[in-house]
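This report introduces selected local features to a reader who has not met the structure before. Please consult the sequence and the model shown below while reading.

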Amino acid sequence: MPSQVITIDRKKYAVGLFWQPTGAGYVARTYAKTLARSVDKKLNLYTEYRAMVGLGSKKFGHKSGMYSAAAAVTESLGEFTSFLAVFEIDKLFYLVAVRNGVILEDKLFDKEEDARAEYFKLSEIPDWGALFAPGAWGMPRAVERSLSDLVMRGPKAMLHPISRTKAGIASAVMMLFFAVCIGWFFREPLEQMVEPQPELSQVTPEIAAEYQRQLDEKNKELDAEFEIEREPQPEPIRMPYDYLPEPEKRAEICFKAIAFLMQPISGWSQVSAECGENYASAVFNRDFGTLGDFYTIATGLMPGAFVQRESDDSLYVRVKLPDAPIKASLDERDIETVTRDVLTQFQYSNMSADVNMVVDTLTNGVETVNLDVVEIAVQSKLEPVQFMKIFEEFGGVYMTRCAWDASTRIWNYEVIIYAK
């Protein structure tokens, strides 16, 4: 299998992810951990897109912070709930297949005949909304599209480590390896620095001048070599707890966005809704209504919302969230203290919570910083604004996700707190 990474406009994208849909109310990281253990323990990276998680692995060339090409293509082709596409890029062939909004195939082929065979096999499935293939293939009904145009317009479905602790260990090993390589590269000038040099007072002026000339030439060579290898200085690492949205304001935005989407529409039942980092979304199932009725009513009730047909009896509705004011953390508590105080708060509230301590790793390619993070997952009857009042005395708080289950009428919350 070739490396499952493609480069578009000097930017790397992850392909070949293992995609699975998630149920309403699932915490993406927790589901990804469970799924990786059952499929392949070497799947150590994940991303979340709509109601799906995609699993990747460093053994395929995937890295934390890399974006998913399949998610970007699916979003750009949002007018089609089902499509089959093959793109040629750098003498490789990238295949994406989506049925009813679910990513079925996300593969990279190094042989054209293998890609054509897979395309032929999948094209036999009826009712594709659209077909895309290289123009040279001459496929019936297929049109050619530019992959670079599609991924640049797509969402930022970024890969994250499933286990943050392992990511920290790997970064430390990489930094040690980097330091050894630097030492090996500069071994010769370092040896010259510690090697005893002849005293000019003990040699003739002619020998001293020749020695000085050779030394100057060597220094110029080293300077020129250093200039060639020198890279631009990286941007300073930004601590996330200094740029988080105000917790209560973000909770208010999420609640209003979900209320905006979860409006009663005759003939359609509300299934679930969730608020992520950039978008709020909802799922509706058909009872006796029609697609036409839904679009007509939704246009008036939810202006500006994006509606996508998942199937004949299911619709996915999404709206972009406005930006919330930024608030820097002044809390100086360590992770042990934060964890203890969080558990105390939930005990006061007579609520159970899943609280874990993890390590998140940030790097700019040169420096690496390990951040202590408290992860909290809770089910509650409290609405978002009421729920986030539990964290009023804490700094560095971010509600990464909240989801509403219409059948149980329970909220599922995922919150992180950065400790210092």
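Which backbone oxygen does the side chain of Q263 reach? In this predicted model, the side chain of Q263 reaches the backbone oxygen of L301, at 3.0 Å. Q263 itself is placed in the loop between helix 8 (247-261) and strand 13 (268-275). The relative accessible area of Q263 is 18%, and because buried means under 20%, Q263 counts as buried. Apart from neighbours within four places in sequence, the residues in contact with Q263 are Q270, F284, L301 and M302. L301 thus appears both as a contact of Q263 and as the residue whose backbone oxygen the Q263 side chain reaches.

A second polar pair is found at helix 2, which spans residues 69-76. S68 caps the N-terminal end of this helix, with a side-chain oxygen 3.4 Å from the backbone nitrogen of A70. The helix is mostly covered, eight of its eight residues being buried; A70 is among them, as are V73, T74 and E75.

The two polar pairs are set out here.

| Side chain | Backbone atom | Distance |
|---|---|---|
| Q263 | oxygen of L301 | 3.0 Å |
| S68 (oxygen) | nitrogen of A70 | 3.4 Å |

The last feature is a hairpin. Strand 18 (residues 354-363) pairs with strand 19 (residues 368-380) in the antiparallel sense, over 10 bridges. T361 stands opposite N370 of strand 19. Four residues lie between the strands of this hairpin, in which G365 takes a positive phi near 95 degrees.

How values were computed
Residues are numbered from 1 along each chain as its sequence is written. This is a predicted model: local features need pLDDT of at least 70, side-chain atom pairs count only at pLDDT 80 or more; totals for chains, interfaces and linings use all residues. Side-chain values use heavy atoms; hydrogens and water are left out. Two strands pair if DSSP finds at least two bridges between them. Helices (H or I, at least four residues) and strands (E, at least two) are DSSP runs, numbered from the N terminus. Buried means under 20% relative accessible area, exposed over 50%, partly exposed in between (1.4 Å probe, protein chains only). A polar contact is a pair of N or O atoms within 3.5 Å; within protein, one must be able to donate a hydrogen and the other to accept it, and residues adjacent in sequence count only if both atoms are side-chain atoms. Contact means heavy atoms within 4.5 Å.
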